[in-house]
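Hi everyone, thanks for making time this morning. I have one structure to walk you through, so let me put it on the screen.

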Amino acid sequence: MPVWLQALGWGTLAGGALVLGSAIAWRWTVPAKLLSTVMAFGAGVLISALAFELVQEAVEGGGLLPTVFGFLAGALIFVGSNILLSRAGARHRKRSGAMQPTEKDAPGSGTAIAVGALIDGVPESVVLGVGLVASGTVSPAMLAAVFISNVPEGLSSTAGMKQAGRSPGYVFGVWTGIAVLCGLASLAGYALLQNAPAGVIAFITAIAAGGILAMVADTMIPEAFQEHHNLTGLTAAVGFLVSFTIHEMGG
């Protein structure tokens with residue numbers, strides 16, 4: 001199978017976990033404590049992946065300075081985008097309770113939530129494609145981390161959308177569209193960086209890592225802490241260890 005097609009396929013598969021989580025939340029009422037638990041686990045998984053799969057490899061491949069500047073740029077881009085989206089009604093897009101606004105309460109919030117979900121998902125998919133540039137094969141640990149973390153994201157956000165009165169067409173349209181765009185983002189990460197210098201690849205990888213960490217802190221950890229605060233740290237630690245174990249076994 002051509003590598004570019006692999007990039008498209010793996011990115012779409014990882015994004016498809018959002019649709020899976022969404023379908024579960026739409027079909028069944030998932031207890032708030034369980035949602036918080038899986039969100040904490042997903043946060044730990046992503047933190048481990050960005051530390052060992054992204055930042056470490058960026059430093060080893062392109063040096064410290066491109067990694068540092070890229071990481072800071074990624075965090076700034078996400079935080080700046082998140083501030084703008086929050087003002088438009090997407091601040092609580094990953095929250096499962098009654099915190100998401102309805103379109104009546106905040107006109108335009110539906111679009112903002114969709115854009116916010118896209119911004120959350122694209123950096124994770126880009127790095128899958130970028131990883132194919134260096135090794136010619138997808139990283140099992142990174143793929144597992146993105147997939148595992150996307151399921152609770154889809155679960156929690158859809159639970160909030162459902163409670164806010166969003167239609168099934170809107171909900172599944174958003175997540176299906178994002179899954180497709182995640183595949184295209186992975187393809188773009190591979191296609192655009194095939195012949196790029198190591199420093200550029202490190203910079204782009206670090207941008208994704210910085211954006212992912214900012215996303216985890218701004219959107220996933222608050223949801224994880226809301227209902228499950230006594231065991232949030234332990235659950236996140238377990239998620240971290242699972243991702244780290246996959247990384248070590250794959251290496």
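Let me begin with a pair of helices: α1 passes α5 in a right-handed crossing. Please keep in mind throughout that this is a predicted model. In general, a pair of packed helices is described by the angle between the axes and the distance between them. Here the axes of α1, residues 3-27, and α5 come within 7 Å, and they cross at roughly 35°.

Which residues make this contact? On the α1 side the list includes Trp-10, Leu-13, Ala-14, Leu-18, Gly-21 and Ala-25. Facing them from α5 are, among others, Leu-143, Val-146, Phe-147, Asn-150, Gly-154 and Lys-162. By class, the residues of this contact come to 15 nonpolar, six polar and two charged.

Now each partner by itself. Helix α5 runs over residues 140-163, which is 24 residues. From its first C-alpha to its last, α5 reaches 35 Å, close to the 34 Å expected at 1.5 Å a residue. Is α5 enclosed or open? Of its 24 residues, 19 are buried, so α5 is largely enclosed by the rest of the structure. After α5 comes Gly-165, and its phi is positive, near 90°.

Helix α1 has 25 residues, which should span 36 Å at 1.5 Å a residue, and the end C-alpha atoms are indeed 36 Å apart. The buried residues of α1 include Gln-6, Ala-7, Gly-11 and Ala-14, and further along Gly-21, Ser-22 and Ala-25.

Let me zoom in on Ala-14, in helix α1. Its relative accessible area is 0%, so it counts as buried, the cut-off being under 20%. Leaving aside residues up to four places away in sequence, what does Ala-14 touch? The answer is Leu-128, Leu-143, Val-146, Phe-147 and Asn-150. Ala-14 and Met-142 are also worth a look: they are 128 residues apart in sequence, and their C-alpha atoms are 9.8 Å apart in space.

Let's step back to the chain as a whole. How many helices and strands does the chain have? There are eight helices and zero strands, so to speak a run of α-α-α-α-α-α-α-α when read along the sequence. The chain has 251 residues, and buried residues make up 46% of them. Looking at contacts between residues at least 6 apart in sequence, 86% join residues at least 24 apart.

A few individual residues show such contacts. Ser-125 sits in helix α4, residues 109-135. Is Ser-125 buried or exposed? With a relative accessibility of 1%, Ser-125 counts as buried. Setting aside residues up to four places away in sequence, Ser-125 touches Gly-11, Cys-182, Ala-185 and Ser-186. One of these, Gly-11, is also among the buried residues of α1.

Next is Gly-74, found in helix α3, residues 64-90. Gly-74 is buried, at 2% relative accessible area. Apart from residues up to four places away in sequence, Gly-74 touches Ile-207, Gly-210 and Gly-211. Gly-74 and Ile-212 lie 138 residues apart in sequence, with 8.0 Å from C-alpha to C-alpha.

Two other glycines give us a contrast in accessibility. Gly-173 belongs to helix α6, residues 168-192, and is partly exposed, with a relative accessible area of 43%. Its C-alpha is separated by 9.5 Å from that of Val-19, which is 154 residues away along the chain. Gly-250 has its place in helix α8, residues 232-250. At 55% relative accessibility, Gly-250 counts as exposed. Between Gly-250 and Ser-139 there are 7.8 Å in space, C-alpha to C-alpha, and the two are 111 residues apart in sequence.

Last, the database record. An unreviewed UniProt entry carries the annotation "transmembrane region" for residues 6-26, 33-52, 64-85, 170-192 and 198-217. What does the model show over two of those stretches? Over residues 33-52 the chain is 100% helix and 0% strand, with the end C-alpha atoms 29 Å apart. Over residues 170-192 the chain is again 100% helix and 0% strand, and there the end C-alpha atoms are 32 Å apart.

That's my tour, and I'm happy to rotate the view for anyone who wants another look.

Methods: Residues numbered from 1 in each chain as written. Predicted model: local features only at pLDDT ≥ 70, side-chain atom pairs only at ≥ 80, totals over all residues. Heavy atoms only, no water. Helix = DSSP H or I, 4+ residues; strand = E, 2+ residues; numbered from the N terminus. Expected span 1.5 Å × (residues − 1). Buried < 20%, exposed > 50% of the residue type's maximum accessible area, 1.4 Å probe, protein only. Axes fitted to C-alpha atoms, helices over the stretch in contact; angles between N-to-C directions. Left-handed = near helix turned anticlockwise from the far one by under 90°. Contact = heavy atoms within 4.5 Å. Nonpolar A, V, L, I, M, F, W, Y, C, P; charged D, E, K, R; others polar. UniProt positions renumbered as here; feature names shortened; annotations may be inferred.
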